[in-house]
Amino acid sequence: MKKISVLLAVTALASVMATSAWSKTLVYCSEGSPEGFDPGIYTAGTTFDASSRTVYSRLVEFKHGSTEVEPGLAESWTVSPDGKEYTFKLRKGVKFQTTDYFTPTRDLNADDVVFSFNRQLKEDSPWAKYVAGGSYEYAAGMGFPTLIKSVDKVDDLTVKFVLNRPEAPFIADLAMDFASILSKEYADKLQADKKMEQMNQQPLGTGPFTFVAYQPDAVIRYKANETYFKGKEKIDDLVFAITPDASVRAQKLKSGECQIMPYPNAADIKDLQTDKSLKVLEQAGLNVSYLAYNTLVAPFDKAEVRKALNMAVDKRAIVDAVFQGSGSVATNPIPPTMWSYNKDIKDDPYNPEEAKKMLEKAGVKNLSMKIWAMPVSRPYMLNARRAAELMQADLAKIGVKAEIVTYDWAQYLKLSSAKDRDGAAILGWTGDNGDPDNFLDTLLGCDAVGGNNRAQWCNKEFDGLVKKAKQTADVKERTKLYEQAQVVFKREAPWMTIDHSEEFVPMSTKVSGYVQDPVGVHRFDGVDIAE
């Protein structure tokens, strides 16, 4: 069966390449399959790369290579003196993509913006739960349903957001993937035809590339959007060749089967750097990897137990084994390159003997637990299985029996969010907007329990600090509040912080215009390839 699957994948890719024989084609060896193509209902970077950063656009966008916001579908915006009203002027003449499955009859207007947000905010929207088991996890985790009072159409090219409270990172939040703008006209047609799930299978937006076809776990094909409001891209066809194994991705890159790959094995980086047909981009990642305990389930509901387990694991050994010099041990839940990082916090020391005593004092004996290991490479964790094995061995030394479990990526993300999940899950995060709120509130706030908050940790002291910070415009005051929040986090230990990593993107020397983004996405607008 495995050989047949590989043959099908190769055949599909060959077919795609054949249809593009007379066009300029870029092949990207992606690390995994997308969960779907609606960026509103997912949080994984793999899914965003395949949907929001190819097919869709947003009101505002991040400039390539930075977290600075620039106009997108909105050409300008104003903010009321009290910080509660944001009014956006939309670009005139922006076209939605024409595909085999839908032909738009009008340009982008305010109705599309209102629809794109209200479906995520209103529980009575027919689109609230149109995908089985899906939810607008990101919007909910960031508190948008309580933050946004209304999204109002002022006229065809003007939209006003009315907030219930000031929100310092609001503009940056709107540049994030979940805030992508969909076509209301397309949505209305799908709803009338009772084919709403097609929105998640056959996307349609205003972005640089038009979706063509997807063979699950094998190939995604796009073509340049001829009517893109920023101008047609230089490459004609974009292909995602889905290749979960990092070593296989590297082999494909070296052989010329693809021109860009993400997340190389640490052991392969030197070889890739010395290959004269390749170049390897590198930068410090705005990321963190962690082991999230389920704090709703005993004995992980006790901070002293979580602290003991943290002290039992040699994190330096994990970072050395997995990253081989391209990562650093994490102390805090935000990376040291981010403003408000609290340098005064000391990490839990590696001390197995003391960890064993702490468990005994907490009345915990013969503890058995599960360690969830991600099935895919991510920038913040290149090999979760190896990390889990090292944790397992360390925990055994203090009498804790750990079983390693995993699932396919989509299931892993879904099941790890469950409030009754057993054990602790290896996960991680790359910042989406350069603001500490995107880590501290999005991953650890009370609003995110059951979603991005995989620790299911709702601490009122911590939550109060981060909520106050996001309503404060003064950066110095926000910094103080976030520093205090990090103290509470370290004291309560809902996570074992593991690492912050360097990010590497190997590619063919024929590729030009590709820029690494601090928010960890892979963008292909502006990219070219020599023939």
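**Spaces between two domains**

Let me begin with the second largest pocket, which is lined by 30 residues, with Ile 41, Tyr 42, Gly 133, Gly 134 and Lys 414 lying nearest its centre. Please keep in mind throughout that this is a predicted model. The volume of this second largest pocket comes to about 600 Å³, and its lining, taken by class, has eleven nonpolar, 13 polar and six charged residues. Two helices, α4 (137–141) and α14 (409–415), each supply at least two residues of that lining, and α14 gives the largest share, with four residues.

Where does the second largest pocket lie with respect to the domains? Domain 1 (25–259 + 510–529) and domain 2 (287–503) both give residues to its lining, so the pocket lies between them.

That brings me to the interface itself. The C-alpha centres of domain 1 and domain 2 are 29 Å apart, and 30 residues of domain 1 are in contact with 29 residues of domain 2. The area buried between domain 1 and domain 2 is about 2,300 Å², of which 48% is given by carbon and sulfur atoms. Of the area that domain 1 buries against domain 2, Glu 137, Tyr 138 and Gly 141 supply 18%, which is more than any other three residues. Three salt bridges are found across this interface by the rule. I would also mention the salt bridge that Glu 167 forms with Lys 470, in which the closest N and O atoms are 3.0 Å apart.

Turning now to enclosed space, the structure holds four cavities of 30 Å³ or more. The largest cavity holds about 260 Å³ and is lined by 20 residues, of which Thr 43, Ala 44, Gly 45, Tyr 380 and Trp 429 lie nearest its centre. Its lining takes at least two residues from each of α2 (45–50), α14 and β16 (424–430), with β16 giving the most, four residues. By class, that lining divides into eleven nonpolar, six polar and three charged residues, and each of the two domains contributes at least three residues to it.

The second largest cavity has a volume of about 130 Å³, and among the 16 residues that line it, Tyr 263, Pro 379, Glu 503, Phe 504 and Val 505 lie nearest its centre. Strand β17 (residues 495–508) gives the most to this lining, with four residues, and the lining as a whole divides into nine nonpolar, four polar and three charged residues. Because domain 1 and domain 2 both give residues to the lining of the second largest cavity, this cavity lies between them.

Technical notes: Residues are numbered from 1 along each chain as its sequence is written. This is a predicted model: local features need pLDDT of at least 70, side-chain atom pairs count only at pLDDT 80 or more; totals for chains, interfaces and linings use all residues. Side-chain values use heavy atoms; hydrogens and water are left out. On a 1 Å grid over the protein atoms alone, a cavity is a set of points where a 1.4 Å probe fits but cannot get out, and a pocket is an open set with protein on both sides within 12 Å along at least five of seven lines; lining residues have an atom within 4 Å of a point. Grid points are joined across faces, edges and corners, and a volume is the space filled by probe spheres set on the points. Ala, Val, Leu, Ile, Met, Phe, Trp, Tyr, Cys and Pro count as nonpolar, Asp, Glu, Lys and Arg as charged, and the others, Gly among them, as polar. Domain bounds come from an automatic or database domain assignment. Contact means heavy atoms within 4.5 Å. Buried area is the accessible area (1.4 Å probe) that two parts lose on being put together, summed over both. A salt bridge is a side-chain nitrogen of Lys or Arg within 4 Å of a carboxyl oxygen of Asp or Glu.
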